[in-house]
Amino acid sequence: IHMASKKLDIVPLCEWGLFAEPSPSLVAGPCSAESEDQIMETAKGLKELGVNVFRAGIWKPRTHPGCFEGVGAPGLKWLQKVQKEYGLKVATEVANEKHVMECLKHKVDMVWIGARTTANPFLVQEIADALRGTDIPVLVKNPVNPDLDLWIGALERLNRAGIKKLGVIHRGFSTADKIKYRNDPQWQMAIELRSRYPELPFFVDPSHIAGRRELVREVAQRSLDLGFDGLMIESHCNPDAALSDADQQLTPAQLGDMLAHRLKVRNADSDSPQWRENIDQLRAQIDIIDETILSALSARMEVSRQIGQYKKDNNIAILQTSRWDAVLAKVVEKGKEYDLPEKFLTAVFNAIHEASVEAQNEIISGRPSERQ
């Protein structure tokens with residue numbers, strides 16, 4: 001278990017030489033490079049919007065064989081043409097050493113590691129070793145499943161290889177649940193990573209979270225509301241004919257309309273004295289409430305320990321499933337009176353219950369819990 005986050009040695013995003021002010025930084029382009037004409041037409045449209053970094057998948061990891069798996073290395077020559085004719089920086093995904101070597105050979109400006117690759121430490125290490133001694137920026141997408149330590153581990157491997165122009169892309173997590181999006185955003189995971197590494201450039205991929213073009217704007221806006229640094233958005237000159245991820249890609253014109261009229265960029269801070277005074281007062285209130293919560297949690301844990309001792313004295317099992325189900329149902333019902341979401345209450349109280357069970361286990365077993 002990853003106990004303490006070690007500070008990463010990171011070059012600030014503003015020093016990468018890829019993005020122009022103002023924020024948010026934007027990476028845009030098709031899911032896949034399909035033909036030279038498609039690449040050049042899309043790049044032309046994005047150049048007119050002021051996009052600085054053009055993305056296109058060259059190698060595409062697909063679940064089933066026989067699907068379009070990208071055009072491969074020949075597509076890198078199309079990206080070179082985009083650099084030459086439109087002055088755009090170019091980026092693509094790499095999944096192994098061979099991909100890295102081809103990108104370096106063709107002078108790709110930035111690479112990213114995809115969600116499936118992030119989940120494999122062997123491949124991440126292979127990529128890190130291949131990049132050692134280079135100065136190319138690298139973005140790391142979150143792993144397919146919500147494993148924060150796996151994400152952090154990938155960053156550590158790259159940083160130890162000397163990669164300092166390093167950032168992340170939040171693209172959501174695979175889920176079997178029926179939700180409105182293609183991938184579950186689980187914003188709390190992104191916020192946790194941001195809080196541990198505030199120096200880390202942080203992009204969000206609204207296209208892969210949304211899965212449908214009509215939902216891209218709301219995910220992008222949520223990203224901006226949370227103060228993340230940039231967006232990676234898929235854009236295709238003819239998305240309905242795209243060979244991969246057709247449903248989630250925007251035309252350059254649609255992207256331009258969204259950027260110009262439908263997104264609101266939030267300021268990181270304000271010099272207004274009124275803002276500062278009011279926000280400081282509200283944050284002071286939060287601090288007081290947090291102290292009250294901590295005191296209440298401490299008192300609750302003490303009662304849990306007393307219950308654990310009583311169970312031990314009477315040879316009673318720790319877990320009382322029916323009792324906990326009743327407690328949780330009561331909490332959720334009571335929470336409606338306070339306008340608190342059921343999902344939030346369930347997550348909080350399940351965490352409290354887990355901690356209580358661990359405390360009782362320490363008492364009954366007579367030894368500290370192995371969980372950290």
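How many salt bridges does a search of the whole structure find? In this predicted model, the search finds 18. The views below show some of these salt bridges, a helix pair and a buried threonine.

**View A. Salt bridge between Arg213 and Asp240.** The N to O distance between the two side chains is 3.5 Å. The pair joins distant parts of the chain, 27 residues apart: Arg213 belongs to helix α9 (residues 213–225), and Asp240 to the loop between β8 (230–234) and α10 (252–262). Arg213 is partly exposed at 23% relative accessibility, whereas Asp240 is exposed at 64%.

**View B. Salt bridges within helix α11 (residues 273–313).** Arg276 pairs with Asp280, with 3.5 Å between the closest N and O atoms. About one helical turn separates Arg276 and Asp280 because they are 4 residues apart in α11. Glu302 pairs with Arg305 at 3.8 Å; these two are 3 residues apart in α11, so about one helical turn lies between them. Glu302 is partly exposed at 38% relative accessibility, and Arg305 is partly exposed at 37%.

**View C. Packing of helix α6 (residues 148–160) and helix α7 (residues 187–196).** The axes are 11 Å apart, at an angle of about 40°, which makes α6 oblique to α7. The crossing is right-handed. Leu148, Asp149, Trp151 and Ile152 of α6 meet Met189, Glu192, Leu193 and Arg196 of α7. This contact has 5 nonpolar, no polar and 3 charged residues.

**View D. Surroundings of Thr117 in helix α4 (residues 115–118).** Thr117 is buried, with 6% relative accessibility. Beyond neighbours within four places in sequence, Thr117 contacts Val94, Ala95, Leu123, Val124 and Ile127.

Terms used. Residues numbered from 1 in each chain as written. Predicted model: local features only at pLDDT ≥ 70, side-chain atom pairs only at ≥ 80, totals over all residues. Heavy atoms only, no water. Buried < 20%, exposed > 50% of the residue type's maximum accessible area, 1.4 Å probe, protein only. Contact = heavy atoms within 4.5 Å. Axes fitted to C-alpha atoms, helices over the stretch in contact; angles between N-to-C directions. Parallel < 35°, antiparallel > 145°, perpendicular 65-115°, else oblique. Left-handed = near helix turned anticlockwise from the far one by under 90°. Nonpolar A, V, L, I, M, F, W, Y, C, P; charged D, E, K, R; others polar. Salt bridge = Lys/Arg side-chain N within 4 Å of Asp/Glu carboxyl O.
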